[in-house]
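The exercises below are to be worked through with the sequence and the model at hand. Each task is followed by a solution that goes step by step.

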Amino acid sequence: MRFSIYLTLPLFLAGCSGRHNWLASAGAEADRVEGLFWVLLIGAAVIWCLVIGAAVYAHRRQVDPSLETQARRFIIWGGAVFPSVLVGTLLVWGLVILRDITADEGDLTVRVDGERWWWRVIYETSEGDVVTANEIRLPVDRTALFRLTADDVIHSFWVPALGGKMDMIPGRETRLTLTPVKTGNWGGLCAEYCGGAHALMRFDAIVMEQADFEAWLAHEAEPAQVAAGDPGYTVFAEEGCGACHTIRGTEAAGPVGPDLTHLAAREKLGAGIYEMTPGNMARWITETHEMKPDIDMPPYPDLSGARLDRLVAFLMSLD
Amino acid sequence: MRHGSDEQPRHVTPPGDAPRVVDQGSVWILVAVPSIWAAHFLLSYWVAAIWCAKAAPMASLVEPRWIIVGLGVIGAAAIAWLGRIAVRRYGGVFVIFEEITESSERGRDRFIGHVTLLLCVLSVVAIIFTVIPGLVFATC
């Protein structure tokens, strides 16, 4: 029985690797939190050993009334003064980290709006806002300032590998800085229960070299290249998709759902949960609520055959 | 340490021999100390909330920071004053090496004085912990 319990232990270590690993040292802010974590863990282990050791020693030792004064002093210093000073020190340390990772300065500014259940992402540039969704790309070794808010319920913005998490509160703006130090595709998620599809509210945080990031951002700022009379866009327009979605460069300017201008350039579909493939796209349109329950987008089960193929081909061309 | 009066047999100390502390209102000092802590906590939140609501977003907290520190100093001073009363009027000591078992006005006063001093230390530490975040953070 005991052996079988030991066998399950490696399963718990599965959380210590991968793209959501907050011990990956992929971000400067995550490194600071990790430093505090190890000090707390090791310190707590040492104190636990000392307390248990003292308890065992006291239990085995014979009572000596002459030592009572010393014992009471030990209790006051070790049981009251030391813990108070230690907790106070840790409080200051933790607060300084929190203050630093919520600073309001960065090399670039990204506004993120938490919606049910996806992410509206807006890069602030000198040429104006660049709107995208459900994928955040960042340059390595640069500090990004995130200005966070929410549409109607509280969410929490968290890329564990890069740094701390921050609540997104309707009607308020909260701030968070992330300084990635490793390139890669890291996982982001909502860390505050926000309703039915909360667990499916994810995003990719892709850290790139500076030049690659600038090229990506410049491309993202461009409108979509949609040919006049594109048969797929015709389906898109006839089905009324433009009432909710924006495709810059076309008449579609709906503000409700994610901006689709460069949809196919994203690696994931449905806010970080499905691979961006034609098959998933077709299913997303026709079986929307099977793929992601409770979302506002209605399914289009009657869309099939050539019309669906044309719409999927059009959406997959938006890169 | 324990309050011995509850456990004393009645024939040792006749009932009514010592005045009851509650009837005389002597226990107010026990309530007053943590009440100052609670009031400081509440006022600190009010100051920060009003400042952040009225000031522009991300306004500097420099001014309320010193208000919160000032409130902390006032609270600590009030607690110190109560601690002084606990020592002088109640004969309280911070560290006791014997049980207070005497069922008398004097014994009860000493017990109240001792507990008050412990509450003073706890409340001052709590007030310091409330002030620290106000000192560290510069924004709402």
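Domain bounds, as used here, come from an automatic or database domain assignment. The model is a predicted one.

**Exercise 1.** Establish how chain A is divided into domains and how the centres of these domains are placed.

*Solution.* Begin with the division itself: domain 1 of chain A takes in 16-61 + 102-208, while domain 2 of chain A takes in 231-316. Next, taking the centres over C-alpha atoms, one finds that 29 Å separate domain 1 of chain A from domain 2 of chain A.

**Exercise 2.** Describe the contact between the two domains of chain A, counting residues as in contact if their C-beta atoms, placed from the backbone, lie within 7 Å.

*Solution.* Counting first, 16 residues of domain 1 of chain A meet 13 residues of domain 2 of chain A. On the side of domain 1 of chain A that touches domain 2 of chain A, two or more residues each come from β2 (118-125), β3 (128-133) and β10 (202-208) of chain A. By character, the residues of this side of domain 1 of chain A are 9 nonpolar, 4 polar and 3 charged.

**Exercise 3.** Identify the largest nonpolar core and follow the contacts of A:A205.

*Solution.* The largest nonpolar core has 40 residues, and among those with the most contacts inside it are A:W117, A:F146 and A:A205. Leaving aside residues up to four places away in sequence, A:A205 touches A:I136, A:L138, A:V159, A:L162, A:W186 and A:G188. Another core, of 19 residues, lies apart from the largest one and includes A:C241, A:L260, A:M281 and A:I285.

**Exercise 4.** Characterise the contact between chain A and chain B.

*Solution.* Chain A gives 12 residues to the contact and chain B gives 11 residues. The side of chain B that touches chain A consists of 10 nonpolar residues, 1 polar residue and no charged residues.

Methods: Residues are numbered from 1 along each chain as its sequence is written. Chains are lettered from A and ligands numbered from 1 in the order in which they are written. This is a predicted model: local features need pLDDT of at least 70, side-chain atom pairs count only at pLDDT 80 or more; totals for chains, interfaces and linings use all residues. Ala, Val, Leu, Ile, Met, Phe, Trp, Tyr, Cys and Pro count as nonpolar, Asp, Glu, Lys and Arg as charged, and the others, Gly among them, as polar. Helices (H or I, at least four residues) and strands (E, at least two) are DSSP runs, numbered from the N terminus. A nonpolar core is a set of buried Ala, Val, Leu, Ile, Met, Phe, Trp, Tyr and Cys residues joined through C-beta atoms within 7 Å. A residue is buried if 20 or more other C-beta atoms lie within 10 Å of its own, exposed if 12 or fewer, and partly exposed in between; C-beta atoms are placed from the backbone.
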